[in-house]
Structure formats: structure tokens, C-alpha cells
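I opened this entry to record two things I wanted to look up, the surroundings of the ligand and the state of the cysteines.

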Amino acid sequence: MSEQVLSTPVKSPKTGSNGKVSHADTKWVYLFNEVDEAEAHVGNNWDDARALLGGKGANLGDMTRLGVPVPPGFTVTTEACNAYLKNDGFPEGMWEQELAAVREIEKLTGKKFGGTDNPLLVSCRSGAKFSMPGMMDTVLNIGLNDEIAETMVHLTNDRRFVFDLYRRLIQMFGSVVMGVPDEAFEVVITSRRKLAGVTSDSELKAADWEVITRRFKEIYRTFTRSDFPTDPFEQLRLATEAVFKSWNGRRAIDYRNAAGIAHDLGTAVNIQTMVYGNIGDNSATGVAMSRDAATGEDVPEGDFLVNAQGEDVVAGIRQTQPLEELKAVMPTVYDEFLTIADKLEKHYRNMQDMEFTIENGKLWLLQTRDGKRTAQAEVKIAVDMVEEGLINKEEAVWRVKPAQVDFFLHPQLDSVALKSARKIAAGLNVSPGAAVGMVAFDADTAERWAKEDGRKVIMVRPETKPDDVHGMLASQGILTSRGGRTSHAALVARQFGKPAVVGVTELEIDLDNRSMTIGEDIIVREGEWISLDGTRGVVYLGQVPTVVPDIKNPYLIKLLGWADEIRKIGVWANADYPRDAQRAREYGAQGIGLCRTEHMFFESVRLPIVQQMIMAKNVTERNEALEKLLPMQRGDFDGLFRAMDGQPVIIRLIDPPLHEFLPSYEELVQRLADLKVQLQHFHTLSEIDEALSEIRVKQAYLERVEGLREQNPMLGTRGVRLGILIPELTKMQVRAIFEAACQCQKDGIDVHPEVMIPLTFHVNELQVQQTTLEAVAKEVMEEQGVQIAYKFGTMIEIPRAALTADEIAGVAQFFSFGTNDLTQTTFGISRDDAEAGFLVEYQQRNILEENPFGTLDVPGVGKLMKMAVELGRATRPDLEVGICGEHGGDPKTIAFCHQIGLNYVSCSPFRVPIARLAAAHAALNDKKNN
Ligand code: PEP
Ligand code: MG
């Protein structure tokens with residue numbers, strides 16, 4: 001999903017001297033062959049031309065200009081739509097221009113709109129600047145009435161064909177323009193099929209369609225209380241208006257909200273000569289992508305149907321044929337199509353999604369646009385296009401969004417678990433990734449379950465329609481029984497990164513009984529779990545475990561390599577263990593920005609020793625425990641240094657309050673009470689002895705826990721304060737760091753340790769702790785006879801530290817923003833409580849736009865960071881500054897960190913690839929804005 005709202009203002013009409021907007025000389029309508037003029041009108045900027053004509057209209061004009069066979073037509077501009085929506089009526093002069101344009105296409109085609117000799121029929125389609133597949137309305141075959149239908153029968157000698165067109169017009173006009181429920185029409189067709197004893201529409205005869213047409217007119221009359229308009233111009237006028245209005249329909253608004261498209265762009269209306277793919281077996285219609293939209297392979301893919309009309313293909317109602325079969329059916333047309341696809345790809349320097357119709361052996365392109373594709377395909381196509389010389393590396397990097405890389409690394413079904421999983425069906429693998437969820441059979445249920453009950457849902461439908469988008473967005477994945485690779489379900493799933501399997505023909509959905517059956521014996525009821533493998537197109541019963549994939553994809557590796565060449569800010573990783581460091585390095589990290597040393601203390605063999613250290617009654621006892629911990633910590637650091645050979649490793653000294661290492665107060669009180677009760681029931685001396693000794697130990701723990709107890713431990717004795725109060729502990733850690741570093745260096749490893757002191761709020765704290773620890777470092781280096789290049793520094797995670805960063809930088813050689821704590825302390829809220837509590841409501845009520853623990857609060861926390869960088873570098877110009885809070889992997893935060901000149905961002909190893917790309921985007925953004 002895009003991070004910014006997609007918007008481009010369209011130039012507004014002129015304001016007259018009286019302050020009123022004058023439309024008299026506004027050009028509202030452009031013929032496809034006037035695209036040069038439209039471009040000139042907006043200052044020869046193609047992006048603005050797309051805003052004016054909509055993506056589809058602009059491309060139709062552009063294709064016409066390129067010499068691609070496009071049925072003649074014209075575009076009513078988005079300006080006209082906006083003027084219409086503002087004034088609730090066509091703007092002055094628009095309709096007259098539309099009529100004049102109709103006369104122009106009459107000239108180009110030799111046909112006459114509303115004429116009875118050689119009638120011209122047109123389509124009316126929406127087309128906004130940014131593609132919104134299936135979101136807006138279309139009416140086909142405009143221009144037909146009873147009399148013209150008879151003329152057409154005469155001309156084509158095909159009564160069946162003409163009445164099929166006519167009923168489609170009434171059906172689309174009725175549902176799209178007048179709001180008649182589509183089901184009312186579908187019921188008529190279904191019962192006619194039954195009556196005729198056939199199973200598919202293609203078997204219905206001319207007489208059937210004539211009857212259906214008559215019935216459709218009656219339905220139209222019943223629902224609208226008026227007759228179907230017989231005047232073609234009236235049809236055109238109302239259809240134009242309906243497209244304008246559909247911009248503000250619910251599904252369009254939902255889609256725009258989800259895709260981040262601005263609501264004030266408006267849609268253009270494209271009126272175009274109809275060409276027919278359903279005029280016999282020498283005709284066909286199809287949709288195709290110039291490359292494989294799922295894998296990115298440079299092989300055109302698509303679906304077509306012989307003797308069919310366009311919507312039959314996308315609706316997924318009839319089983320389509322794969323594009324390559326067109327080669328056998330119509331070889332010359334197939335070759336011509338491939339040549340055109342190649343020409344369009346080269347022209348737009350992007351993979352194209354094309355609609356075509358073959359009318360009596362003549363190929364027409366109805367539409368082309370940049371094709372929607374999976375994250376995998378996006379990456380592969382971007383890399384391939386650089387290698388083909390179509391785009392440069394910067395453009396390739398820019399095209400792939402960090403969120404897509406995120407998706408790339410999405411979980412897949414666990415291959416081991418799959419061996420015993422029950423595969424229940426297979427279909428088309430149209431959108432990759434794994435999805436596990438409960439079956440929901442309609443969009444509203446899916447949305448309700450997901451949003452209100454927090455359930456994971458898989459939406460299962462025969463096919464999806466634009467009205468289902470809200471359910472699809474709320475679902476983990478999508479499963480349909482019908483439809484091909486270019487079906488609505490496939491397109492939307494790919495765009496939003498939802499795993500999807502479509503066209504599972506053996507799936508029968510019984511909406512009344514809220515269940516689906518596969519074959520004879522598998523029944524899945526609504527609410528039961530299934531798992532989808534969108535990468536392979538397989539459906540499994542139940543919940544299959546998922547795994548996060550490794551990034552071995554050579555295209556991604558190449559693209560991220562280019563991102564590294566572009567980005568200015570470093571990408572490091574937060575890693576505690578050598579295996580995490582190793583993974584971080586494989587993912588492209590250039591250092592460790594945070595090793596939380598206390599994590600190792602929680603390991604089961606170490607915890608008793610840590611507890612022994614905390615419970616020590618005197619220094620000797622404490623030192624005994626620390627002596628045991630020292631080799632363990634040394635081993636931890638040794639592994640990290642070796643994994644990060646040649647790169648910096650920031651090791652943070654112990655941070656959490658000590659009570660976290662002891663059993664909880666409540667637990668101890670409960671256990672003591674239990675033991676005391678049990679004591680009364682023991683009979684043997686050994687039992688009593690054992691219980692008494694446990695009581696003594698627990699009692700001692702309880703006293704210590706009580707002693708350590710604080711009202712607000714997160715704001716209490718932790719971080720640097722601990723180091724000051726128990727210097728032996730941090731001294732042991734520093735000894736372990738330097739002993740490991742010296743040994744590694746002796747072994748030829750290039751070590752760069754950086755010791756980080758947490759939670760400082762005053763320079764004096766740092767002075768005390770750092771002086772003590774530097775002495776240990778020197779001592780170890782002398783003992784070992786080795787000199788190590790090292791740094792001492794601090795985390796900045798308290799506002800006071802940021803505000804006095806100039807003083808702190810006098811001691812610290814580096815800063816690292818701990819934005820988890822810095823956000824807590826700046827907002828004065830506890831992350832643990834807030835995220836699960838009021839923050840959700842704050843976001844719902846728009847009090848906060850985003851969760852400040854996920855995306856950095858730039859105006860507040862960000863301001864402190866910026867100030868700290870400036871103050872710190874005023875004291876120490878070469879001060880190294882980074883970020884290691886969770887925000888370090890968030891693309892928006894990375895852009896901010898780039899802006900304020902941090903040296904690096906540090907994030908979890910899994911987010912390193914996303915961060916590398918986001919950092920490159922930040923640098924490219926600078927370039928674009930300067
Ligand atoms: C932070 O506060 O941002 C940080 C990295 O430290 P921790 O999350 O361990 O408190
Ligand atoms: Mg912290």
C-alpha cells in the first residue's frame with residue numbers, strides 16, 4: 001500500500017473578473033486523437049494529462065497516437081466530473097461538446113449514433129487517474145432501441161447476437177444507471193436456461209434473448225417506474241451522469257481509502273465505439289498481461305473467450321481459455337497482439353494489463369494500463385527491465401515499495417507441516433503467500449468477524465465483485481470457485497498482498513446452509529478453519545502452521561544491492577545472539593545497533609546464577625555469582641564479534657530492573673501460603689524438612705523482592721542507575737566484552753565493540769559509570785596485550801537526555817535513540833498498557849492518527865531527536881547517532897531519520913531488507929524534491 005495519498009490537482013477553470021467561474025471556453029471533451037491538445041492544455045506534463053483524462057482515457061489517446069488499433073472515441077474530463085459533483089449538473093458547454101464528439105466518431109467510423117442505416121453503438125466507462133479495478137461503473141451497447149435492434153439484425157443477420165446485446169444494455173443500464181438490483185435480471189436468465197433445458201448462456205437461442213429482453217424492460221419499468229429510454233442520446237446522457245456519480249459510491253470510497261487515493265480527483269468518462277467479440281467464432285475477447293503477474297516471468301499471460309463480450313472474461317462466469325491457446329485459434333491475430341504488447345511495454349516502460357477484442361478477425365485494443373502484480377513479480381520485473389535497458393536502477397528501486405518487500409518475506413505454509421496437512425482442493429495461484437483463517441461466506445461477515453471479534457478470516461465466494469472489497473481487505477486470504485488470473489478476486493488480492501486461490505472448480509458453495517463442499521465427502525462449514533497456499537494455489541483443511549521465508553530470491557538480492565548504492569543512511573540490526581547476527585548479516589545489516597545483554601540472563605541455566613547474584617548478602621557472594629556469569633557472557637560476545645567480523649557491534653549493558661529476574665511478588669506470596677498449608681498435612685520428617693527449607697528460600701526471595709519493589713519500576717532503578725548502584729555487574733559485562741574482543745582480535749577477527757549505557761538522563765551519571773567502565777576496558781586490554789578500537793556511548797531515551805545532548809556528548813562518543821522508551825517518556829504513557837488499551841480507541845477516534853510506538857511521532861519525539869542530534873554534534877562533530885527502538889524498521893520513521901542525518905537505523909533482522917529499501921527511497925525522495 002502506498003504511504004502517501006495519491007493525488008494530483010487538476011488545473012481549475014478560469015475565474016472571471018467578477019470572481020465567478022466561467023466555463024464558456026473550457027474544453028471538457030477530448031477525442032482520443034486530440035491527446036496532444038490535452039497534454040498541451042496541462043503544460044505538456046503527462047502526469048497532469050492523466051489527471052485530466054484519467055489513466056484509461058489518457059492511455060487510449062496515447063495508444064491512438066502510437067498507431068495501436070483503438071476503436072474511436074472520446075474522453076469527458078475529470079474536471080467535468082468535479083464540476084458536475086460540485087454543481088449537481090453538467091457544467092456549461094459539456095453536453096454540447098459531447099454531442100460534437102459523437103459526430104466526430106460518426107465520421108471516423110462511418111456509422112451514425114441513433115441512426116437506422118448503419119448504427120453506431122458506444123460504451124461508457126469510468127477512468128480515474130489511478131486505476132481502481134472494477135470499482136466504477138460501465139455501460140455497454142449504448143445506442144440500441146427496438147428499431148435500431150432490428151436494423152442491426154438486418155445488418156448482421158444474427159438475431160441472437162443483437163438481442164444478447166440489447167438485453168445487456170438494459171441490464172447494465174438498469175443496474176448501473178438506475179440502481180435496479182442485478183439479481184432481478186439474473187433470475188430471468190437462470191429460469192430461461194432451465195426452461196430451455198440448457199446449462200450455459202451460450203446455448204440460449206435468439207428467441208430466448210428476445211423474451212429475456214422483453215422481461216428486462218418490464219423489470220426496468222417495475223423498479224424505476226419509467227420506460228427504458230429509447231432515445232440513444234438520453235441513454236448516453238444518463239450513463240455519463242451515472243459514471244460521474246459512481247465516483248462517490250461506497251465501493252469507490254472504500255477502495256480509495258484502502259489504496260490511499262485522494263477523494264477529490266474525480267473520474268473521467270470514456271465513450272468509445274463498441275466492437276464485438278461475440279459476433280461469431282471469428283471473434284473473441286480477452287484480457288492479458290504483458291508478463292506473468294504472479295511470478296514476473298517475461299511471458300504474456302491472460303484469458304480469452306471466443307464469441308464473447310468483455311465482461312464475460314473478467315466476471316469469471318464462463319471458463320476462459322489461456323492466452324497461449326489463441327495462437328492455435330487465430331495465429332495472425334496472436335502474433336499481432338504480441339507485437340502490440342511489446343510496443344506498449346516499451347512505450348510505457350512497464351508491464352501492461354490490456355483488454356482486447358477481436359471482431360471478425362480484426363484486433364482492437366480497448367485498454368492498457370500498468371498491470372497489477374504480486375510483490376515477487378514487481379521485484380523481478382523491475383530488475384529485468386533494468387537489464388533490458390528500459391529503466392534505470394533508481395527507477396527500479398523506486399518502483400518497489402518497502403511494503404512489498406515486507407510481503408515478499410511473508411510467512412509461507414510450513415513445508416514439514418504440509419506433509420501431514422489435508423489438501424482438499426486446488427485452483428489458480430493468483431496471489432502468493434500463506435493465509436490461515438476461518439471461512440466466511442460473505443464480505444460483511446468477513447469484515448465483522450475480523451474487525452469486531454479479531455478473528456482471522458478467509459473469505460470464500462463463488463466470485464468476488466467490487467462490493468466485496470471491504471471483506472477482502474479484512475480477510476487473511478481469498479478463495480473463489482470461479483474466475484481466472486485476471487478475475488476481480490485475483491486483481492484485488494494481488495494489489496493488496498492478500499494470498500488468494502481462485503477458480504477452484506470443484507468447490508460448491510451453499511450460501512443458504514453456510515457451507516461448502518468439495519467432491520463427495522468434504523464439507524466445510526462457515527467458521528471452520530482452512531489454510532491457503534496462494535503461491536501454489538492449494539487449499540488445506542484446518543490450521544497449517546506458517547514459517548517466515550529466507551531471502552534467497554536473486555532478484556530481490558540484486559534490487560536491494562542497488563538500494564544500497566543509493567541510500568545514505570546505514571542499516572544495522574538489533575540482535576542478541578550470534579545466529580541472529582548471522583541472519584542480520586545475510587539480510588544485509590552493516591552492524592549490530594543493539595544487543596540486549598539481559599536477554600541472555602533469562603536463559604534457564606543462567607537465571608539461577610543471576611538470582612544468586614541478586615540475592616547475595618555480601619560482595620563476596622555477589623562476586624562468586626558474577627565469576628560464573630563472566631565466561632558465559634564472554635562466549636555470547638565472542639560469537640557476536642565473529643559473526644560481525646569487520647562491523648560495529650553495540651552492546652548495551654544491563655537495562656531492566658532487577659526484580660524482573662526474580663519470581664513475582666504475587667507468585668511468592670501464593671507459594672508461601674500453599675507451603676504453609678501443606679506443612680500441616682505432611683507426616684514424615686523429610687517432607688517437613690523439605691517444605692521448611694523451601695519456605696526459608698522463598699521467604700528470603702520475598703524479602704528481596706519487597707526490597708526491590710517500586711511503584712513504577714519502568715521509571716525506577718534500571719539502566720545506568722543499576723550500573724551505578726551495582727558497579728560489579730556492569731564491570732563484569734565490560735570485562736566480558738573486552739576479553740572476547742581481545743581474543744577475537746588475536747584470532748584475526750576485525751572487532752569494533754561499542755559499549756552502550758542505557759537510560760541516561762544526566763551527564764553526571766554517564767561520567768560516573770563510563771569512567772569506571774573505561775578503566776575496566778583498559779585493564780583488560782593491558783592484561784591481554786591488545787589494543788581494541790572501541791567506543792563508549794549512551795542511549796537517548798529520556799527527554800532530559802535529548803534536551804541536554806550537548807552536555808552528554810561531552811562524554812558519550814555515540815548516541816542511539818531508544819525510541820521505545822523515548823516515546824513512553826515523552827508521551828508519559830506506558831507502552832504495555834497503552835497499546836492494548838486506550839491507544840486503539842485513540843486511533844479509532846482519530847485523536848492519534850497512528851500508533852506512536854509503531855511509527856515515530858515526528859512532531860513530538862522527532863523534534864527531541866532532531867534537537868539531540870544538533871546539540872550532540874555541536875559538541876562532538878563526528879558523533880555517531882543511530883536509532884534502535886522498534887521504529888527503526890518503519891519506512892516513515894526511516895525517512896525521518898535520513899532527514900535528520902542519523903548514521904544508521906537499527907531494526908530486527910527480518911526488517912533489514914525493508915529498511916534498506918526504505919532508506920533508498922528516502923534518498924531518492926530527496927533527489928526528486930531538489
Ligand atoms: C528503546 O527503549 O527503544 C530500546 C531499544 O530499549 P528497550 O526496548 O530494551 O527498552
Ligand atoms: Mg529502552
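**Ligand contacts and cysteines**

I began with the polar contacts of the ligand, and found an oxygen atom of ligand 1 at 3.0 Å from an N or O atom in the side chain of Arg 652. I note here that this is a predicted model. The backbone also takes part in the list: a polar backbone atom of Thr 819 is 3.0 Å from an oxygen atom of ligand 1, and a polar backbone atom of Asn 820 is 2.7 Å from an oxygen atom of ligand 1. I then looked up the cover, and the protein hides 88% of the 290 Å² of accessible area that ligand 1 has on its own.

Next I went through the shell. I counted 13 residues around ligand 1, the closest being Arg 596, Glu 797, Gly 818, Asn 820 and Asp 821. Two elements, strand E27 (592-596) and helix H33 (819-827), each give two or more residues to this shell, and the largest share, 3 residues, comes from H33. Sorted by class, the shell has 6 charged, 4 polar and 3 nonpolar residues.

Last, I searched the whole structure for disulfides and found 0. For Cys 81 the reason is distance, because its sulfur is 12 Å from the closest cysteine sulfur, in Cys 124, which is too far for a bond. I also looked up Cys 595, which is in no disulfide and has its nearest cysteine sulfur, that of Cys 884, 11 Å away. Are these two cysteines, Cys 81 and Cys 595, buried or exposed? Cys 81 is buried, with a relative accessible area of 0%, and Cys 595 is buried with a relative accessible area of 0%.

Methods: Residues numbered from 1 in each chain as written. Chains lettered and ligands numbered in written order. Predicted model: local features only at pLDDT ≥ 70, side-chain atom pairs only at ≥ 80, totals over all residues. Heavy atoms only, no water. Disulfide = S-S within 2.5 Å. Buried < 20%, exposed > 50% of the residue type's maximum accessible area, 1.4 Å probe, protein only. Near = heavy atom within 4 Å. Polar contact = N/O pair within 3.5 Å; in protein donor to acceptor, adjacent residues only side chain to side chain. Areas by Shrake-Rupley, 256 points an atom, 1.4 Å probe, with all protein chains shown as cover. Helix = DSSP H or I, 4+ residues; strand = E, 2+ residues; numbered from the N terminus. Nonpolar A, V, L, I, M, F, W, Y, C, P; charged D, E, K, R; others polar.
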